[in-house]
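The following report describes helix packing, nonpolar cores and an aromatic pair in one protein chain. Please keep the sequence and the coordinates at hand while reading.

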Amino acid sequence: MAMLYPIAVVLGVLAVWEAATRALGVPAFLLPPPSAVGVSFIANASLLMFHGWITTVEILLGFGLSIAVGIPLALAIFLSPVFSRSILPLLISSQAMPKVAVAPLFLVWFGFGLLPKVLIAFLVAFFPVVINTAVGLSAIEPEKIYLARSMGFGTAATFFKIRLPNALPAIFGGLKISITLAVVGAVVGEFVGGDAGLGYLLMVANGSMDTQLLFAGIVALTVLGVALFLLVELAERLAVPRHIISGGKAAGEAFT
């Protein structure tokens, strides 16, 4: 039922867009009607799938690298206040730095292959993983820790049975942000120095004034980003107990 409202809004926007472009006689090279974009999407389906697969690989590798680096880094920030005070300013500075400015350097250092796109996707995507994981590990009621200690739980048992389950919603919140940012990072890498991928296809379509293919590529990127976001959300539903998501009592469940 909740999906009906956004679907209705999208259909309404497409209907107004279609009617306005036809009624006002807007040239197709400026703003094609949705029907023309749909025709281009179907006609270029194999091309979009080929480039979409390349972009998907870049996104998933960058996202996976952000998890592999971000979660251990967040754990170190949580465990060591000295390390936290030393590294957090550098992390914040890395986010203030424009990624488009860094992308040409990656191309000079690593060439025009897969690696620079993956690194750019990682650079864009890892910050939410680090911050959300560190905040999630810290945001636990002291009473739960006291209760665990009173029941004889050691440090490791308290972490894995109490603190980590309590932090999972925040961690997955960071992962959902990260996967969408990884899409942006991969496309930025393809814009700067790609020879394949949906970002590269958008550049080619823009250069040839094929606005219909340009919009079709944007639609493909949108669908890809939404699909990856839903996969992470599905993983959250499988990994996080429902009572934790809804704010239930995680500590009592951990003891059973």
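## Helix α4 and the nonpolar cores

In this predicted model, the residues of α4 that count as buried are Ser84, Ile87, Leu91 and Ser94. These buried residues of α4 pack against three other helices, namely α3 (45-79), α5 (99-110) and α6 (114-138). An α-helix has 3.6 residues a turn, so residues three or four places apart point the same way.

The length of the helix can be checked against its residue count: α4 has 16 residues (81-96), which at 1.5 Å a residue should span 22 Å, and because its end C-alpha atoms lie 23 Å apart, the two values agree. The helix nevertheless bends by about 30° at Ile87, and a proline, Pro89, follows within four residues.

The largest nonpolar core has 30 residues, and the members that touch the most others are Ile59, Leu175 and Leu198. Two or more residues of this core are given by each of α3, α6, α8 (155-193), α9 (198-207) and α10 (211-239), and the largest share, 11 residues, comes from α8. Leu175, if its neighbours within four places in sequence are left aside, is in contact with Phe63, Ile67, Val129 and Val232. A second, separate core consists of 18 residues and includes Ile87, Leu91, Phe106 and Phe122; Ile87 and Leu91 are also among the buried residues of α4. In soluble globular proteins, nonpolar side chains tend to be buried together.

Aromatic pairs number 2 in the structure. In one of them, Trp17 and Phe215 have ring centres 5.5 Å apart and ring planes at 55°, so this pair is tilted, since only planes over 60 degrees apart would count as edge-to-face. The pair links distant parts of the chain, with Trp17 in helix α1 and Phe215 in helix α10, 198 residues apart.

Helix α1 (residues 4-24) is also the place of Pro6, and the accessibilities of Pro6 and Trp17 are set out below.

| Residue | Relative accessibility | Class |
|---|---|---|
| Pro6 | 40% | partly exposed |
| Trp17 | 22% | partly exposed |

Trp17, at 22%, counts as partly exposed because buried means under 20% relative accessible area. How far apart are Pro6 and Ile171 in sequence and in space? The two are separated by 165 residues in sequence and by 26 Å in space, C-alpha to C-alpha.

Technical notes. Residues are numbered from 1 along each chain as its sequence is written. This is a predicted model: local features need pLDDT of at least 70, side-chain atom pairs count only at pLDDT 80 or more; totals for chains, interfaces and linings use all residues. Side-chain values use heavy atoms; hydrogens and water are left out. The expected span of a helix is 1.5 Å times one less than its number of residues. The bend at a residue is the angle between axes fitted to the seven residues ending there and the seven starting there. Buried means under 20% relative accessible area, exposed over 50%, partly exposed in between (1.4 Å probe, protein chains only). Contact means heavy atoms within 4.5 Å. A nonpolar core is a set of buried Ala, Val, Leu, Ile, Met, Phe, Trp, Tyr and Cys residues joined through side-chain atoms within 4.5 Å. Rings of Phe, Tyr and Trp (its six-membered ring) pair if their centres lie within 6.5 Å; planes under 30 degrees apart count as stacked, over 60 as edge-to-face and the rest as tilted.
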